[in-house]
There are 2 protein chains.
Amino acid sequence: MAAYGKAGLISGLLITALALTAAAEAPKPAPSPQEIVDAAPASAWATIKADDLVVMKLADGAEVIYQLAPDFAPVHVANIRQLVRSGYFDGASILRVQDNYVVQWGRPDEDTTEAKGITKTPPAEYEVAGTPKTFRALPWRDAYAPKTGHIASWPAASDGSATWLVHCYGMIGVARGNTPDTGDATQLYTIIGHAPRHLDRNLAVVGRIVSGMDLLADRPRGGEALGFYKTDPERVKIVSARMASDIGAGAPSWQVMDTASPAFDAWVKARASRSGAFFVRPANALDICNAQAPLRKAP
Amino acid sequence: MAAYGKAGLISGLLITALALTAAAEAPKPAPSPQEIVDAAPASAWATIKADDLVVMKLADGAEVIYQLAPDFAPVHVANIRQLVRSGYFDGASILRVQDNYVVQWGRPDEDTTEAKGITKTPPAEYEVAGTPKTFRALPWRDAYAPKTGHIASWPAASDGSATWLVHCYGMIGVARGNTPDTGDATQLYTIIGHAPRHLDRNLAVVGRIVSGMDLLADRPRGGEALGFYKTDPERVKIVSARMASDIGAGAPSWQVMDTASPAFDAWVKARASRSGAFFVRPANALDICNAQAPLRKAP
């Protein structure tokens, strides 16, 4: 076995480091996407509001942190904050893992715990009207929408008359029944496969996983239809869910790259047109779900 | 909790069944994608050649079956058949799981087992010339290529001068170092996240997972850079890899939907424009990686 085991198949840090070492006289390659992230100034990062951050601890030790999107789904987000603060999710569990699709959490059908203080039938907050001035379009084509791009660091799409958050890997939506107003945010899902963009504008997208995505995506797929777990022992319990703003000292703090910053533009360009020794043919393109804004712990 | 736990968030069988029960007088909804698959005639299915099918058994009991694509990467596929038949993969292991990216298997760097009888430096079989007559284009836009579609049930893209298999969820490629001819097929990877289409035309795509994809995607992500496992005990061993054509009685047999069949056309249309009670706004579009041909065990 050649040494390519560890360096093989990927751009990024290792390859770039190797390339720099091996070819000191060669022209310096353009910075990699990761190098751009590492070098981004403080002004390129926006700290996520603690009141938009939920810390979810699971019985198997996993900690998952997610960010809410109140500007896009205010009633659903108000419900989530209320459900978190009233302890509704403490004792809920992972209900469903469907391969190449979603992980879903909440309380199973047989659980009669009441969700208190929420809007029981929220409006269908699937899109916002028009194209917000802060929408920054990507230049590449998309199968599903005339334009894709970002609003305040969220991946979005627009057709001019409306703009909506898109179902990329790690984005969070509100599960519902057949009628749109049945989604009260007591059950949430996140995307763990290729973006199921046909869900866009059909469900309320309310946030994204900020940390611990790998600890959701690596769970055993459920054996029932749609990946639901058959039995209660299969369902890993949620020990607690807390708003970061309620935790006080030691609360996690995360930042997202400002998608209006020069660093983000450079990152998108570098991801679209990979340089370095590995790539023989840059794509010169980037799908919206491969252009999700970098995240980091607040330094 | 309302009954939407089990039915919530998804089209498909359950929802359709509910809709049919609830509204016997309403006009019958258009068939769902799954109903189209279930009703497809035998002529819509192509049996995968046993000499293109590899059965891989892992030490934890997982069985993964994958299909080779000799028409696109003949030298790499010849290498894989030879590696399988010479027992190279027996005792290899899962080396790497990187979230939203790849699972990679083979032998780790420190393993000096020789790969016998293979072409050590295969050509860069990343594309075929022109647009094969059998290429059937999808009508929707794509960020990465002028056209996407299918050739003999494989997801592909074309720019007229060349055509190539695309890195969709479950597709298999050959890992390599910085130089294209370092990919000898001793290490293979499959895609477990949103399609990393920037890899297209940069690596040899040699097949797809036919069965057991969930048993690769649900593995713990590795702790080293690029998702490599740090220690040997983390690496689940491959007990055996066999060509289905060498197994004899009891060998698995799989079929893929013929992408030139009317059933496939109907399935694509139904997936692009979901009907039924759940969807309030059909996408009327389908990304190539959401249009991967249905597979089934040979009846």
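Me: Is B:N100 buried or exposed, and how would I tell?

Reply: Count neighbours: a residue is called buried if 20 or more other C-beta atoms lie within 10 Å of its own. This is a predicted model, and in it B:N100 has 23 other C-beta atoms within 10 Å, so it is buried. As for its place in the fold, B:N100 sits in the loop between β4 (93-98) and β5 of chain B.

Me: Okay, and which residues does B:N100 contact, leaving aside its neighbours within four places in sequence?

Reply: There are B:G193 and B:H194 from its own chain, plus A:Y169 from the other chain. You can also look at C-alpha distances: B:N100 and B:A217 are 117 residues apart along the chain, yet their C-alpha atoms are separated by 9.3 Å.

Me: While we're on loops, which residue of chain A has a positive phi although it is not a glycine?

Reply: That's A:R201, with a phi of about 70°. Look for it in the loop between β12 (188-191) and β13 (205-211) of chain A. The same neighbour count applies here: A:R201 has 25 other C-beta atoms within 10 Å, so it is buried.

Me: What about B:S153, what is its phi?

Reply: About 75°, again positive and again not a glycine. B:S153 belongs to the loop between β8 (147-151) and β9 (154-158) of chain B. With 23 other C-beta atoms within 10 Å, B:S153 counts as buried.

Me: Let's move to the core. Which residues have the most contacts inside the largest nonpolar core?

Reply: The general idea is that in soluble globular proteins, nonpolar side chains tend to be buried together. Here the largest nonpolar core has 183 residues, and A:V206 and B:V206 have the most contacts inside it. From chain B, this core draws at least three residues from each of domain 1 (21-46 + 256-297) and domain 2 (49-250). Beyond four places in sequence, the residues that B:V206 touches include B:L68, B:V77, B:I80 and B:I172.

Me: And in helix α7 of chain B, which residues are buried?

Reply: Within α7 (residues 262-272), they are B:F264, B:W267, B:V268, B:A270, B:R271 and B:A272. The cover over those buried residues of α7(B) includes α3 (33-39) and β15 (254-257) of chain B.

Me: Now the interface. How many residues does each chain bring to the contact?

Reply: Chain A gives 70 residues and chain B gives 70 residues. On chain B, α1 (4-7), α2 (13-22), β5 (102-106) and α5 (214-217) each supply at least two residues of the side that touches chain A. The largest share of that side, four residues, is from α1(B). Sorted by class, the side of chain B that touches chain A has 38 nonpolar, 14 polar and 18 charged residues.

Me: How are the two copies related?

Reply: Superpose them and read off the turn and the shift. A turn of 180° with a shift of 0.0 Å along the axis lays chain B on chain A with an RMSD of 0.0 Å. The copies are therefore related as by a two-fold rotation axis. Both use the same surface, as 100% of the contact residues of chain B recur in chain A.

Me: Last one: what does the overall build of chain A look like?

Reply: Chain A has seven helices and 16 strands. Its radius of gyration is 20 Å, close to the 19 Å from the globule rule for 299 residues, so chain A is as compact as a globular protein of that length. Its C-alpha trace spans about 70 × 50 × 40 Å along the principal axes, and 54% of the 299 residues count as buried.

Definitions and conventions: Residues numbered from 1 in each chain as written. Chains lettered and ligands numbered in written order. Predicted model: local features only at pLDDT ≥ 70, side-chain atom pairs only at ≥ 80, totals over all residues. Contact = placed C-beta atoms within 7 Å. Nonpolar A, V, L, I, M, F, W, Y, C, P; charged D, E, K, R; others polar. Buried ≥ 20, exposed ≤ 12 C-beta atoms within 10 Å, placed from the backbone. Least-squares fit on C-alpha atoms with pLDDT ≥ 70 in both. Core = buried A, V, L, I, M, F, W, Y, C linked by C-beta atoms within 7 Å. Domains from an automatic or database assignment. Rg over C-alpha atoms; globule rule 2.2 N^0.38 Å.
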